[in-house]
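Hi,

Here is the structure I said I'd pass on to you. Have a look at it first, then read my notes below with the model open beside you.

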Amino acid sequence: MGDILGIIESACYIGGMENPISQNNNKLVDLNRLVEIIFDKQSAPSKRFLMAQKATGNLPHYKLGRRVFYDPSAVLNHITNSGKEVAQ
């Protein structure tokens, strides 16, 4: 499972910049910024799908008043650890 996380983290390494996830270590972000940080523009799931996952409890989030925030590292960890193993 560590190999998958390494692949995802290296995919987030863009143009010699630092890993965007490590830059936002202790920051909570909204859904739009979460998608920018974790996913590639062409392969990102729809915001509607992510909001549905949040509503069913399948996406870690924090609600402050009416606003919803996400911890990018917690979401990435949840995605990589809750996914099913792929047969090799």
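**What I found**

Let's begin with Gln53: leaving aside residues up to four places away in sequence, Gln53 touches Asn58 and Leu59. You'll find Gln53 in helix α4. Gln53 counts as partly exposed because its relative accessible area is 22%, and the buried class stops at under 20%. One thing to keep in mind throughout is that this is a predicted model.

**The whole chain**

Now zoom out a little. The chain has five helices and two strands. If you walk along the sequence, they come in the order α-α-α-α-β-β-α. The chain has 88 residues, and 23% of them count as buried. Its accessible surface is about 6,500 Å², with 52% of that belonging to carbon and sulfur atoms. As for contacts, take those between residues at least 6 apart in sequence: 51% of them join residues at least 24 apart.

**Helix α3 and its charged pair**

Which residues of α3 are buried? They are Leu31, Leu34, Val35, Ile37 and Ile38. These residues sit on the same side of α3, because they cover an arc of only 165° around the axis.

Helix α3 also holds a charged pair, Arg33 and Glu36, which are three residues apart, or about one turn of the helix. Side chains of opposite charge can pair when their charged atoms come close. Here the side chains of Arg33 and Glu36 form a salt bridge, at 3.1 Å from N to O. The total count for the model is one salt bridge.

How covered are the two partners? Arg33 has a relative accessible area of 33%, so it is partly exposed. Glu36 comes to 56% relative accessibility, so it counts as exposed.

**The loop after α3**

Follow the chain on from α3 (31-38) and, in the loop before α4 (47-55), you reach Ser46. Its relative accessibility is 42%, so Ser46 counts as partly exposed. What does the side chain of Ser46 reach at 3.0 Å? The answer is the backbone nitrogen of Phe49. Try checking another distance yourself: Ser46 and Val35 are eleven residues apart in sequence, and their C-alpha atoms are 8.9 Å apart in space. Val35 is one of the buried residues of α3.

**Asp71, a charge without a partner**

Next, go to the loop between β2 (67-69) and α5 (72-82), where Asp71 is found. Asp71 is buried, yet it has no salt bridge. How far away is the nearest side chain of opposite charge? That side chain is Lys27, and it is 12 Å away. A salt bridge needs the two atoms within 4 Å, so Lys27 does not qualify as a partner. Asp71 does have a polar contact, though: its side chain meets the side chain of Ser73 at 3.0 Å.

**Helix α5**

Last stop, the helix that follows this loop. In α5, the buried residues include Pro72, Val75, Leu76 and Thr80. They lie on the same side of α5, because the arc they cover around the axis is only 125°.

It's worth picking out Thr80, which is in helix α5. Is Thr80 buried or exposed? At 7% relative accessibility, it counts as buried. A polar atom of the Thr80 side chain lies 3.2 Å from the backbone oxygen of Asn77.

If you only have a few minutes, I'd compare two spots. One is the pair Arg33 and Glu36, whose side chains meet in a salt bridge. The other is Asp71, which is buried and has no salt bridge.

Happy browsing, and write back if anything is unclear!

Notes
Residues numbered from 1 in each chain as written. Predicted model: local features only at pLDDT ≥ 70, side-chain atom pairs only at ≥ 80, totals over all residues. Heavy atoms only, no water. Helix = DSSP H or I, 4+ residues; strand = E, 2+ residues; numbered from the N terminus. Buried < 20%, exposed > 50% of the residue type's maximum accessible area, 1.4 Å probe, protein only. Lys, Arg positive; Asp, Glu negative; His and termini not counted. Polar contact = N/O pair within 3.5 Å; in protein donor to acceptor, adjacent residues only side chain to side chain. Arc of directions from axis to C-beta. Contact = heavy atoms within 4.5 Å. Areas by Shrake-Rupley, 256 points an atom, 1.4 Å probe, with all protein chains shown as cover.
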